[in-house]
Amino acid sequence: MSRFIPVDRQTDYLLPPSVDEWLPDEHLARFVVDVVEQLDLSALTQQYAGRGHKAHHPAVLLSLLIYGYATGVISSRKIERATYDSIAFRYLAANTHPDHDTLATFRRRFLPELEQLFVQVLLLAREMKLLKFGTIALDGTKVKANASKHKALSYGHAKKLEAQLKTEVNALIQRAEAADNDVATDGMDIPAEIARREARLAAIAEAKLKIEARAQERDAAEQTAYQDKTANRDAQRKAGKKPRGRDPKPPMGGPRDKDQANLTDPQSRIMPITGKGFDQCYNAQAAVDTESMLVTSVHVTQATNDKQQVMPLLNALTALPASLGKVTHLLADTGYFSAENVKVCAQQGIEPLIAMKRDVHHLPLLERFAAEPVAPDSDDPVEQMAYRLKTQAGRARYALRKHTVEPVFGILKHVMGFRQFSLRGLDNVSGEWRLATLAWNIKRMHRLVVS
């Protein structure tokens, strides 16, 4: 006869059950609560007026969001459901059940305050001896916007669609006038049909204005670049040198037919993604400490290219508290390389190691064990960096980039499930990216503590 453990779902507990006793001592949820309790949340609590019904404490809502993003439960509805179904979420919510509207409103309302909380967590990691600034790796990843690429409207198609809709509106008006003369309308609700097309025309006009505004910004940048190139070639001619190549052509102003705007999230952009496809995305940037794998700085950009993203990082590092320490080395792939970026890093006392061309994954045997190159006599920062990238020490340091920042992106997307933004607009997605990386930092700190 088989022996089984008795199954009893009816007998009451002799003493009231405690959620605290059901959670292991080293559980991530406990660590999240410990971290949040050490943060200064006065910037959040002071914004509550104290009128009406009692509000859920910001510490509870923040803990739920951090743990949700850290464990792949990002939807506010799923977090609400988890406060009933999950012991960890019950513990975080202290046996209360904030509804999804409360969670979603809290997340949108306090996105600007996350920047200060992000820095507080870094300071806490420093106090716990988990973070020591030194070498950081910078990289970007395309994160899908909360919008479909099929809702993107090109300028050329917008003009065709606008002309078509105006023709249809005129035809409907003529049909309505004919209906007044007792001509049958076949049951068509003409006013509703006209209103529908006029609403689409208004949306198209708004999209065209945004495309035209972007085109003006692009025209200004292209005109400046054209003038710089022309002035440089004129200076070469005056010095008796013949400029190489053809003279640059003046830029063609105005919007182009292929310029696009998305009707759902106009601030997102069509970007190339892994797999040689395209999608509606934002370019999410992160700088990661190579020793602890903690994210030290983040920002989101609409630019597909990474070349302009070094300066925002340097500005963010300058704004961090001095107690966090000093960044000494910056690692980045070839997408970030420009002579200006190298010089700016050197001016701020940071030694850059930015790939100047595409990496070769398998160096030839003789090249791997070749003698150290001779140091250049020049003080030019670009030549100095090119020399460091050829040395054994430089290659070893640069190799840290691949197993620090790239694994962080992989875990964020494929373990924590953060593949798409829930919010729309550049400011909102910037705050959400900070929340996701804040959750990663606390998750990583927990792993460093318990390991």
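Good morning. In what follows, a helix is a DSSP run of H or I covering at least four residues, and helices are numbered from the N terminus. The structure before you is a predicted model. With that definition in hand, let me begin with N95, which sits in the loop between α6 (87-92) and α7 (100-109).

N95 is not a glycine, yet its phi is positive, at about 65°. How exposed is N95? Its relative accessible area is 42%, so N95 is classed as partly exposed.

K129 presents a related case. Here too the residue is other than glycine, and its phi has a positive value near 60°. K129 belongs to the loop between α8 (114-127) and β1 (135-144). Because its relative accessibility is 75%, K129 counts as exposed; the cut-off for that class is over 50%.

A positive phi also appears in a hairpin, and I should like to describe that next. Strand β4, residues 269-273, pairs with strand β5, residues 277-289, in the antiparallel sense, and five bridges join them. Within this pairing, P272 stands opposite F278 in β5. Three residues lie between the strands of the hairpin, and G275 takes a positive phi near 100°.

I turn now to two threonines. Where does T404 lie? T404 is placed in the loop between α15 (392-398) and α16 (405-414). Its relative accessible area is 1%, and therefore T404 is buried; the class requires a value under 20%. Which backbone oxygens does the side chain of T404 reach? One is the backbone oxygen of L400, at 2.9 Å. Another is the backbone oxygen of R401, at 3.2 Å. Setting aside residues up to four places away in sequence, T404 touches A137, V288, T290 and M293. Of these partners, V288 falls within strand β5, residues 277-289.

The second threonine is T437, in helix α17, which spans residues 426-450. Is T437 buried or exposed? With 0% relative accessibility, T437 counts as buried. A polar atom of the T437 side chain lies 3.1 Å from the backbone oxygen of R434. Again leaving out residues up to four places away in sequence, T437 is in contact with F118, V295, V298 and L412. F118 falls within α8 (114-127), and L412 falls within α16 (405-414).

Let me move from the buried threonines to the surface. Which residues make a nonpolar surface patch of about 350 Å²? The patch is made by Y13, W22 and I87. W22 belongs to helix α1, residues 19-22. At a relative accessible area of 44%, W22 is partly exposed. I87, another member of the patch, falls within α6 (87-92).

My last residue is D34, found in helix α2, residues 28-37. D34 counts as partly exposed, because its relative accessibility is 39%. In sequence, D34 and S63 are 29 residues apart, while their C-alpha atoms are 9.7 Å apart in space.

To restate the main points on this predicted model: T437 counts as buried at 0% relative accessibility, and T404 is buried at 1%. N95 and K129 each have a positive phi without being glycine. In the hairpin of β4 and β5, G275 takes a positive phi as well. Thank you for your attention.

Conventions
Residues numbered from 1 in each chain as written. Predicted model: local features only at pLDDT ≥ 70, side-chain atom pairs only at ≥ 80, totals over all residues. Heavy atoms only, no water. Buried < 20%, exposed > 50% of the residue type's maximum accessible area, 1.4 Å probe, protein only. Polar contact = N/O pair within 3.5 Å; in protein donor to acceptor, adjacent residues only side chain to side chain. Contact = heavy atoms within 4.5 Å. Patch = residues over 30% accessible without salt bridge, like charges linked within 9 Å, V, L, I, M, F, W, Y side chains within 5 Å. Areas by Shrake-Rupley, 256 points an atom, 1.4 Å probe, with all protein chains shown as cover. Salt bridge = Lys/Arg side-chain N within 4 Å of Asp/Glu carboxyl O. Pairing = 2+ DSSP bridges.
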